[in-house]
Amino acid sequence: MRTLYFLLRKEFKQIFRNKALLPMIFIAPLIQLLILPLAADYEVKNINISIIDNDHSAYSRKLLKDITASGYFKAVGYGNSFQAAFRQIEQDQADLILEIPAGFEKNLVNEGAQSLFIAVNAINGSKATLGASYLRRVVEDFNAGIRLSWMPAGNDQQVGNDQQAVIETVSSNWYNPFLNYRFFMVPGILVTLVTMICVYMCALNIVKEKEIGTIEQINVTPVKKHLFILGKLIPFWIIGLFVFTVGLFGIGRLVYGIVPQGNLLLLYGFLSLYLVALLGIGLLISTYAETQQQAMSVAFFFMMIFMLMSGLFTSVDSMPAWAKFLANCNPVTHFIKVMRMVLLKGSGFADIQFPMLMMVGFAIFFNTWAILNYKKTV
Amino acid sequence: MKQFTSFVRKEFYHVFRDPKSLLILFGMPITLIVLFGFALTNEIKNARIVVCDYARDAASQQIISRLSVSNNFSIHQSIMSHEELESSFKSGNIQLAIVIPAHFNDDLLHLKHAQLQIIADASDPNTATTLTSYAQSVINSYQQELRSYHKSGLQIIPEIRMLYNPELKGATNFVPGVMALVLLLVCVLMTSVSIVREKELGTMELLLVSPFNPMMVIVAKAVPYFVLSLLNLALIVLLSVGLLGMPFQGSVLLLFAVSSLFIITALSLGLLISNSTSSQQTAMLISLMGMLIPTMMFTGFLFPLENMPVALQVIANAVPSKWYYSIVKSIMIKGLGFSAIWKETLILLGMTIFLLTISFKKFKTRLA
């Protein structure tokens, strides 16, 4: 026990005396947590629309007014030439082109039907779909308005209702009624920051001793293998807990106003397990790597995949089956999910039993592998 | 010149004799292309929804069958009580619930007015809004059908054409982003670490006392990563065209020319980091913590830049990958020529000159 205490003291001194490293551990993640959620907003708004009006009639003007009044669209061009509008799309100044053909009003009234041409920049497919469907909705509303105005005279409100059965849909958004995207992103980003710190720091720390040669000195001391490993893991476990706490309360609660709905004890219990699993991964990488550059490359490679597959940015449910399986083998996925469930929805122990079990599995698996692979002999 | 080539040879040996570092050089782009091409999508498919059908009549059956046909949804189960609804949301089993009240069909036929409730799990706001609007459009189309007897002419038919990406593939958006990300990270990380490593191990001293110009030592370090990055780029382009079926509209030569510039920008950024730090650990943490997430965010391929607060949009302008991303989109997907990208190219050039000037100013030929 005394040995462990001295080892821990050595590690903490090493960390706190490295003036370049300290801000990277404590300040950089918090600044990122402050800034990044502001950037991660997926809502589609401010769609730039370029309008070509070849009709210049009362109807076309009314339609244009409806479009700009809808709040989704910003008119960035208004002209007669498709070429000019298309150039705006090429230069990314416009996302959508709406072309109203000549004779729009006349044909609509006389022939009873008229088409409109809409071209969408679909490089970003999901944004294009949403933009097109917003525009279609505006056009539909406009169309309904016209029809109403052409109804036979004497047709008052009641008769109008009589013809059309209306299904009114009421939608409610539970757990996040104002659809604040930050509530969704902050827990996820916090998880990735804690993950990155723990895995990198842990992986690099041991390899550094290898590279500089100081590990030889430890190898020839009577310090036991498990004590040495514990001495390396515990400091990062504590740093992980600390950064997480500051991020959750200092930034999540105070800056973004995220009030944890669920049991914090449960969350911290899960976090402790998660950190053990993560440190196991860091340790495993360090047992295989010889130089810091190698350790970093390998750690970075896996972190990248872990982060992308974790459901932080894109939904896990939309993945194909094989990818969903991979995502389930990723500890980060489970923790992000649990964070969101416990923090936002107040889920209890029964709801997170499965991820909890998986995490115990991960922790045992990675740490056993790492310890088996770590040799005190050269 | 002979000195220079032998230095470059030395650096190539450094890279190739370290297979674990090659993993990040070539394994990462391949993995990213595969993941983004096949696994990651912004679309929402197979969302698990439940229907609380208190009505159990013809109209509610109609709506349920329409919902189950849509491949955006998979109807998970039917629940009959609000308590069950709450616990299903909490366990994360469902993302959306549709509640159809009793006497739905009667209300619709006789009162001409019926209500439906859509409840979404808005802890994921993006999914919630998208699913709600999907569900709403399914219900709307049902309603349209009910009304179709009363059609009064005066119909506007919008014809929608999706430019550049008619199949709405996610890859079209992601591949240029992955290119920017991989090139930037590989160059910044690898150069900064490999220079600092020589400092840390003390071999830098040997290089600096050699008769070779110390500045050239640094340039020689950058050469292998420049060559490897170009190879990487070729690999990504080949994979995205061959494996993902992406179009390549513009000039290949132009893409490679501009990419070379971008790689040099990234290399000079790596140089700057290595000149300002003395330990590998710090260099790595700066390149990773300081670069990875901001690059992912501010390049604009994951989150639309125009939604960000103005201050962040200004910051995003300082991220080189943002400009490169826009260039790649213009060349590869839109097939535009140099006239469309000269502005972005000029900005990248300016950044490169700026970064190089600072890092050469900071470069010391003396140790400590």
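Which residue in β4(B) is the bridge partner of Val166(A)? Keep that question in mind while you read these notes; the reply comes in point 6.

1. Before anything else, please remember that you are looking at a predicted model. Two chains, A and B, are described below, and it helps to take each chain by itself before turning to the way they meet.

2. Let's start with chain A. Its secondary structure comes to 15 helices and 5 strands. The C-alpha atoms of chain A fill a box of roughly 100 × 45 × 40 Å along the principal axes. The radius of gyration tells a similar story: chain A has 29 Å, whereas a compact globule of 378 residues would have a value near 21 Å. The domain assignment splits chain A into domain 1 (2-40 + 183-373) and domain 2 (47-163). Notice that domain 1 is written as two stretches of the chain, 2-40 and 183-373. Between the centres of these two domains of chain A, taken over C-alpha atoms, there are 51 Å.

3. Now try chain B. Here too the secondary structure comes to 15 helices and 5 strands. Its C-alpha atoms fill a box of roughly 95 × 45 × 40 Å along the principal axes. For chain B the radius of gyration is 28 Å, while a compact globule of 368 residues would have one near 21 Å. Chain B is assigned domain 1 (15-40 + 168-362) and domain 2 (47-144), and the centres of the two, over C-alpha atoms, are separated by 47 Å.

4. How do the chains meet? In the contact between them, 100 residues of chain B touch 100 residues of chain A. On the chain B side, helix α6 (residues 125-147) gives the most, with 11 residues. That side of chain B is made up of 49 nonpolar, 35 polar and 16 charged residues.

5. Next, find the open sheet of 5 strands, which runs in the order β2(A)-β1(A)-β3(A)-β4(A)-β5(B), with mixed pairing. Why do β2 of chain A and β5 of chain B each have one side without a neighbour in the sheet? Both stand at the edges with a single partner strand, so one side of each is left free of a neighbour there. From one strand to the next, the twist averages 25 degrees.

6. Chain A and chain B also share strands elsewhere. Strand β5 (residues 166-174) of chain A and strand β4 (residues 113-121) of chain B run parallel and are joined by 9 bridges. Here is the reply to the opening question: Val166(A) has His113(B) as its bridge partner.

7. Within chain A, compare two pairings. β1(A) and β2(A) are parallel and pair over 6 bridges, and Ile51(A) stands opposite Tyr78(A) in β2(A). By contrast, strand β3 (residues 96-100) and strand β4 (residues 113-121) of chain A run antiparallel, with 4 bridges between them. In this second pair, Leu98(A) stands opposite Ile118(A).

8. Finally, look at the helices on the sheet. Helix α3 (residues 58-69) of chain A lies across β1, β2 and β3 of chain A, and runs at about 175 degrees to β1(A). Helix α5 (residues 104-111) of chain A packs on the sheet as well, touching β3 and β4 of chain A together with β5 of chain B. The direction of α5 makes about 135 degrees with that of β4(A). To finish, trace β1(A), α3(A) and β2(A): these three make a right-handed β-α-β unit.

Conventions
Residues are numbered from 1 along each chain as its sequence is written. Chains are lettered from A and ligands numbered from 1 in the order in which they are written. This is a predicted model: local features need pLDDT of at least 70, side-chain atom pairs count only at pLDDT 80 or more; totals for chains, interfaces and linings use all residues. Domain bounds come from an automatic or database domain assignment. Two residues are in contact if their C-beta atoms, placed from the backbone, lie within 7 Å. Ala, Val, Leu, Ile, Met, Phe, Trp, Tyr, Cys and Pro count as nonpolar, Asp, Glu, Lys and Arg as charged, and the others, Gly among them, as polar. Two strands pair if DSSP finds at least two bridges between them. Axes are lines fitted to C-alpha atoms, for helices over the stretch in contact, and angles run from 0 to 180 degrees between N-to-C directions. A crossover is right-handed if, with the strands pointing away from the viewer, the path from the first strand over the helix to the second runs clockwise. The radius of gyration is taken over C-alpha atoms; the globule rule is 2.2 Å times the number of residues to the power 0.38.
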